[in-house]
Amino acid sequence: VSTVEAEHLEIKAKVLEEYRTCQRNRTSFKIQEKQMQEAKDQEILLERRFQEASKHEAALELRLQEMASTLAEAGLRQVDTSKALDQALTEKERLELMLSEQKEKLLA
C-alpha cells in the first residue's frame with residue numbers, strides 16, 4: 001500500500017469517524033428536542049390543570065360566601081324569633097296577671 005493510499009485511507013477513516021460523531025450528535029439533539037417538546041406539553045397540561053383548580057377554588061369560595069351569608073341570615077331570623085318569643089311570653093305573663101287580678105276582683 002502506497003503512502004498516498006495510506007493517507008487516503010486514514011483521511012477516509014477520520015471523515016467516517018467525524019460522520020458517525022455527527023450522526024450521534026444529531027440523534028442526541030433529536031432526543032433532546034423531543035424531550036423539550038414533551039416538557040412543554042407537560043407544562044401546558046399543568047397550566048390548564050392549575051387554571052381549572054383556580055376556577056374550582058373560586059367557585060368553592062363563592063359557595064362558602066353564600067353559605068356564610070345564609071348562616072348570617074338564619075342567625076338574624078333566630079334573633080328576631082327569639083325576641084318575638086320573649087315578647088309573646090311577656091304579653092302572656094301580663095295577660096295572666098290581668099286575669100288573676102280580674103278573678104280576685106270578682107271573688108272579692
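Begin with the whole chain in view: its radius of gyration is 46 Å, whereas a compact globule of 108 residues would have one near 13 Å. The model on the screen is predicted.

**The overall form**

Turn the chain until its principal axes lie along the screen. The C-alpha atoms then occupy a box of roughly 155 × 15 × 10 Å. Next, display the secondary structure as a cartoon, which shows one helix and zero strands. This helix, α1, covers residues 3-107.

**The surface**

Now switch to a surface representation. The chain exposes about 10500 Å², and carbon and sulfur atoms account for 59% of that area. How many of the 108 residues count as buried? The share is 0%, where buried requires a relative accessible area under 20%.

**The charges**

Colour the charged side chains next. The chain carries 18 positive and 22 negative side chains. The centres of these two sets are 5 Å apart. Side chains of opposite charge can pair when their charged atoms come close. In this structure, five salt bridges are present, and the tour visits three of them, beginning with the pair K14 and E10.

**Stop one: K14 and E10**

Select K14 and E10 and show their side chains. They form a salt bridge with an N to O distance of 3.8 Å. Why can these two residues meet? They are four residues apart in helix α1, so about one helical turn separates them. E10 is partly exposed, its relative accessible area being 48%.

**Stop two: R24 and E17**

Move along the chain and select R24 together with E17. These residues form a salt bridge in which the closest N and O atoms are 3.5 Å apart. Are the two partners buried, exposed or partly exposed? R24 is partly exposed at 48% relative accessibility, and E17 is partly exposed as well, with a relative accessible area of 40%.

**Stop three: E66 and R63**

Finally, select E66 and R63. Their side chains meet in a salt bridge at 3.6 Å, taken from N to O. The two residues stand three apart in helix α1, and therefore about one helical turn lies between them. E66 counts as partly exposed, with 39% relative accessibility. R63 falls in the partly exposed class too, at 48%.

**Looking back**

Return to the full view to place these stops in context. The pairs K14 and E10 and E66 and R63 both lie within helix α1, the one helix of the chain.

Technical notes. Residues are numbered from 1 along each chain as its sequence is written. This is a predicted model: local features need pLDDT of at least 70, side-chain atom pairs count only at pLDDT 80 or more; totals for chains, interfaces and linings use all residues. Side-chain values use heavy atoms; hydrogens and water are left out. The radius of gyration is taken over C-alpha atoms; the globule rule is 2.2 Å times the number of residues to the power 0.38. Buried means under 20% relative accessible area, exposed over 50%, partly exposed in between (1.4 Å probe, protein chains only). Accessible areas come from the Shrake-Rupley method with a 1.4 Å probe; for residues, only the protein chains shown count as cover. Lys and Arg count as positive and Asp and Glu as negative; His and the chain ends are not counted. The place of a charge is taken as NZ of Lys, CZ of Arg, CG of Asp or CD of Glu. A salt bridge is a side-chain nitrogen of Lys or Arg within 4 Å of a carboxyl oxygen of Asp or Glu.
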